[in-house]
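Here are my notes on this model. Please read them alongside the coordinates.

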Amino acid sequence: MWRRSIKKMIVGVDVDGVLRDFYGSLERTYLKYYHDHIIKDPPSFQLHELYPIGYKIYDFAFEEHAGEVLGFADAYRNAEGFMRMLHKFADIVIITSQPTKRAKVFTFAWLQRADILQHVDSVVIVQTNGLLKKHHIGVNYIIDDYPPNLMDFPQSKVIVFDQVWNKGLEWGKRCYSYDEILKYLQGRMTK
Ligand SMILES: [Mg+2]
């Protein structure tokens, strides 16, 4: 007897702003070195507009202090549990864009540290501003928080992870919690 094979859905999951609290970690690390600086609040996701050192913030976050900012960031509450539940019915591709070699290494290390790597089928780390874009990776759904990434995908594939900096985006399905994402995707499983 043969079994009908059921094709699992493939879900792409972003890291920063979806699983990892990059913004919190950057702020905490920054204030260690520049205690008297005032960081502006989002909605801007352009870091150089929020941090008083301007464009130097990219070197601070992704080279100089990449280990601290990326490797030791907190996971959002229950990120690991969310990935475990999602993996029961979906194949998961982590799709993250990182600008430097150090950022890539510490992001991979973080996925392991946060116990997330065990729930993942593959990891794609694209080079920021490189030719390979997130939307080139074949997925049925993408969970991301960054409007320009999401706009590259057809709306039917898009799950916007609600954050203050993406409030204005009306594209795809906006979800406010991990539970909401799980319910939404379970409802879209092919019978
Ligand atoms: Mg992100």
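Which strands does H6 lie across, and at about what angle does H6 run to S2? H6 lies across S2 and S3, and its direction is about 150° to S2. The numbered points below start from the model as a whole and come back to this helix.

1. Status and domains. This is a predicted model. The protein chain splits into domain 1 (9-20 + 75-186) and domain 2 (22-71). Between the C-alpha centres of domain 1 and domain 2 the separation is 22 Å.

2. Domain contact. On the domain 1 side, 15 residues are in contact with twelve residues of domain 2. The domain 1 residues that touch domain 2 comprise eight nonpolar, three polar and four charged.

3. The sheet. Six strands form an open sheet with parallel pairing, in the order S3-S2-S1-S4-S5-S6. S3 and S6 (173-175) are at the edges; each has a single partner strand, so one side of each lacks a neighbour in the sheet. On average, neighbouring strands of this sheet are turned by 25° against each other, direction ignored.

4. S4 and its partners. S4 covers residues 141-144 and is covered on both faces. Tyr141 and Ile143 are buried on one side, Ile142 and Asp144 on the other. Three bridges link S4 to S1 (residues 9-13), and the two run parallel. Here Gly12 is opposite Ile142. Another pairing joins S4 to S5 (residues 158-161), with three bridges and parallel strands. Within it, Ile142 is opposite Val158, and Asp144 has Val160 as its bridge partner. Ile142 therefore deserves a look from both sides: Gly12 stands opposite it in one pairing, Val158 in the other, and the residue counts as buried because at least 20 other C-beta atoms lie within 10 Å of its own.

5. S5 and the edge. S5 is also covered on both faces. Val158 and Val160 are buried on one side, and Ile159 and Phe161 are buried on the other. In a regular strand, side chains alternate between the two faces of the sheet. S5 and S6 run parallel and are joined by three bridges. Ile159 has Lys173 as its bridge partner in S6. Phe161 stands opposite Cys175.

6. H6 in detail. H6 runs over residues 101-113, 13 residues in total. From first C-alpha to last, H6 reaches 18 Å, close to the 18 Å expected at 1.5 Å a residue. Its buried residues are Ala103, Lys104, Phe106, Thr107, Trp110 and Leu111. An α-helix has 3.6 residues a turn, so residues three or four places apart point the same way. What do the buried residues of H6 pack against? Their partners are helices H3 (56-64) and H4 (66-71), together with strands S2 (90-98) and S3 (122-127). Just after H6, Asp115 has a positive phi of about 65°.

7. H5 and the loop after it. H5 (79-87) is followed by a loop, which leads to S2 and holds Lys88. H5 lies across S1 and S2 and runs at about 135° to S2. Is Lys88 buried or exposed? Lys88 counts as exposed, because it has 10 C-beta neighbours inside 10 Å. Lys88 and Lys8 are 80 residues apart in sequence, yet 9.5 Å apart in space, C-alpha to C-alpha.

Technical notes
Residues are numbered from 1 along each chain as its sequence is written. This is a predicted model: local features need pLDDT of at least 70, side-chain atom pairs count only at pLDDT 80 or more; totals for chains, interfaces and linings use all residues. Domain bounds come from an automatic or database domain assignment. Two residues are in contact if their C-beta atoms, placed from the backbone, lie within 7 Å. Ala, Val, Leu, Ile, Met, Phe, Trp, Tyr, Cys and Pro count as nonpolar, Asp, Glu, Lys and Arg as charged, and the others, Gly among them, as polar. Helices (H or I, at least four residues) and strands (E, at least two) are DSSP runs, numbered from the N terminus. The expected span of a helix is 1.5 Å times one less than its number of residues. A residue is buried if 20 or more other C-beta atoms lie within 10 Å of its own, exposed if 12 or fewer, and partly exposed in between; C-beta atoms are placed from the backbone. Two strands pair if DSSP finds at least two bridges between them. Axes are lines fitted to C-alpha atoms, for helices over the stretch in contact, and angles run from 0 to 180 degrees between N-to-C directions.
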